[in-house]
Amino acid sequence: MPQLFHIKTFGCQMNKHDSDSISQILMNEGYQQSKSIDDADIVLVNTCAVRVKAEEKALSVLGRLAPLKQKKRNLIAGVIGCVAQEQGTDLLKRFPHLDLILGPRNIHHIDKFIAQIKKKRERISSLDLSGQITSFPKYNGYLKGRVTCFLKIMEGCDNFCSYCIVPFVRGRETSLSAQKLIDEANRLVRQGIKEITLIGQNVNSYNVRNGSVPTFPRLLKELDSISGLKRIRFTTSHPKDLSDELIGLFGELTTLCPHIHLPVQSGSDAILGFMNRGYTRDTYLSLIERLRKVRPDIAITTDLIVGFPGEREQDFQDSLRLIEDVKFDNIFSFKYSERSGTRAVHLPGKIGDTEKQRRLFLLQQRQKEITLGKNNSLEGTIQEVLVEGPGKRGNHQLSGRTAGNKVVNFFSPTDLRGELLRLNIIQGCQNSLLGEIVGAGDQKTS
Ligand code: SAH
Ligand code: SF4
Ligand code: F3S
């Protein structure tokens, strides 16, 4: 009987990608994935530490592994990801049932650690922050049936925004070799992948720190020429590193989807300064203007934080005004959450939770209307959609995304997964669009 593993994943696309890599590594060693945590011989929790709530969630899941371990003495229980890095070996003391603590830059040796635990029954922690991906796991059918996937092009972050724990738990910025990435993208396309999202904490500074070539725009150009690769996306970009060269590519490369996630964090110059973001409201707005000049239909999304220390009512109103001015397609907004070790801990002017909640609510209410208005405005347009799989409603409902990254549901008697279709948008709803098939896509993003 093959041994089974189960991974619970929290956090951002970096963690999702890491969990995918771990799954592939374990499958190469003969393990199989189990649907349920109860059947598994190895349980891993991939954790996020970005806000206090995310961390609490991770810790509560770790606590719930204790009874599982009592039932199954040989169970291997591990914690990986950003909370593992942040709390390190303290977790071994706090959770006596844990066997493995692995920081995000140490996951590529997971097979060896598991073998060691099995052999010697010792508890292991590996928290080296200079670790790096040097090769991708061998293909073993893990991606079968998938049309889209992530490809990590860099690890870590050097920006040290004053509120953010990521640079402490993911280490310094390191870029992967371009040749390896190109080879990997080719391999993914051969496995049936049609759309690749390049991921990293700050993709537009790819290769900048180590002074290597190609830089990010050149890498995009190289990937654009891969035959069979229909779409490229990337996330996340930092506004301070968004060059004109990169903006220009939105009007040039046929595979580059017209969508950019460009976190602004605040609409107030005072708060942006305290956050150490390195740009002003005006420079951000001029980036938006340039993006829209090159590609008028580009979808733009952002992240915003409310209740940062020192945020006065007028600063918050600046954020509200910013979403009004830009009319983002969507925003991800958060209440500021204090993370120990970050510089913002020492800033005066802490905001109470009730006030943070009020600001978050107002921001989200207004954005909901803007998003719905944007989605409504797509009604009657023809959008090119890459079909990703069945929709939520079953019964011949399929789902895919427009080039601008909006989910579209539509009906089809046949499974068209992986196809690029032209759809007429019948209805724009709050979180998705409803479409009907008009014909096959023209291979370009539109
Ligand atoms: N590298 C990416 C992702 C960072 S984490 C980027 O720079 O955009 C994703 C989002 O979480 C951030 O954009 C920010 O809006 C939010 N975030 C980070 N730290 C936070 C904190 N301490 N409290 C609240 N939100 C936070
Ligand atoms: Fe955090 Fe800023 Fe780095 Fe993003 S750019 S991961 S918000 S420090
Ligand atoms: Fe969370 Fe780590 Fe990502 S802290 S947001 S999982 S980099």
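This is a short walk through one predicted protein model, from the overall fold down to a few single residues.

Okay, hi everyone. Keep in mind as we go that what you have in front of you is a predicted model.

Let's begin with the whole chain. There are 14 helices and 19 strands in it. The radius of gyration is 22 Å, close to the 22 Å that the globule rule gives for 446 residues, so the chain is as compact as a globular protein of that length. If you lay a box along the principal axes, the C-alpha atoms fill roughly 60 × 60 × 45 Å.

How much of the chain is buried? Of the 446 residues, 55% count as buried. As for the outside, the accessible surface comes to about 19,400 Å², and carbon and sulfur atoms hold 51% of that. You can also ask how far along the sequence the contacts reach. Taking contacts with a separation of 6 or more, 72% of them are between residues 24 or more positions apart. And on charge: there are 63 positive and 49 negative side chains, with the centres of the two sets 5 Å apart.

Now zoom in on strand β13, which covers residues 299-306. Eight of its eight residues are buried. In general, side chains in a regular strand alternate between the two faces of the sheet. In β13, Ala299, Thr301, Asp303 and Ile305 point one way. Ile300, Thr302, Leu304 and Val306 point the other way, and all of these residues are buried.

Which strands does β13 pair with? One of them is β12, residues 259-261, which pairs with β13 in the parallel sense over three bridges. If you want a landmark there, find His259, which stands opposite Ala299 of β13. Another is β14, residues 330-335, which runs parallel to β13 and is joined to it by six bridges. The landmark for that pair is Leu304, standing opposite Ser333 in β14.

Next, head towards the end of the numbering, to strand β19, residues 433-440. Strand β18, residues 420-428, runs antiparallel to β19, and seven bridges join them. The link between β18 and β19 is a hairpin through four residues. Look for Leu423 there, which stands opposite Ile437 in β19. β19 also pairs with β17, this time in the parallel sense, over two bridges. In that pair, Val408 stands opposite Leu433 of β19. So to speak, β19 shows you both senses: antiparallel with β18 and parallel with β17.

On to some backbone oddities. As background, most residues other than glycine have a negative phi, and most peptide bonds are trans. Where are the cis bonds I'd like you to look at? One joins Val213 and Pro214, with omega about -5°. Pro214 sits in the loop between β10 (195-199) and α9 (216-224). Another runs from Thr235 to Thr236, and omega there is near 5°. You'll find Thr236 in the loop between β11 (231-235) and α10 (244-249).

Then there are two asparagines to click on. Asn207 isn't a glycine, yet its phi is positive, about 65°. Asn207 is in the loop between β10 and α9, and that loop also holds Pro214. Asn405 has a positive phi too, about 75°, again without being a glycine. Its loop is the one between β16 (397-402) and β17 (407-411).

Is Asn207 buried or exposed? Its relative accessibility is 5%, under the 20% cut-off, so Asn207 counts as buried. Asn405, on the other hand, has a relative accessible area of 27%, and that makes it partly exposed.

Last stop: Glu184, which is placed in helix α8, residues 178-190. Glu184 is a buried one, with a relative accessible area of 8%. What does Glu184 touch, once you leave aside its neighbours within four places in sequence? The answer is Phe136 and Leu151. If you'd like a feel for distance, go from Glu184 to Tyr31: they are 153 residues apart along the chain, and their C-alpha atoms are separated by 23 Å.

That's the tour. If you open the model afterwards, I'd start at β13, with its eight buried residues, then go to the hairpin that joins β18 to β19, and finish on Glu184 in α8. Thanks, everyone.

Conventions
Residues numbered from 1 in each chain as written. Chains lettered and ligands numbered in written order. Predicted model: local features only at pLDDT ≥ 70, side-chain atom pairs only at ≥ 80, totals over all residues. Heavy atoms only, no water. Rg over C-alpha atoms; globule rule 2.2 N^0.38 Å. Buried < 20%, exposed > 50% of the residue type's maximum accessible area, 1.4 Å probe, protein only. Contact = heavy atoms within 4.5 Å. Areas by Shrake-Rupley, 256 points an atom, 1.4 Å probe, with all protein chains shown as cover. Lys, Arg positive; Asp, Glu negative; His and termini not counted. Charge placed at Lys NZ, Arg CZ, Asp CG, Glu CD. Pairing = 2+ DSSP bridges.
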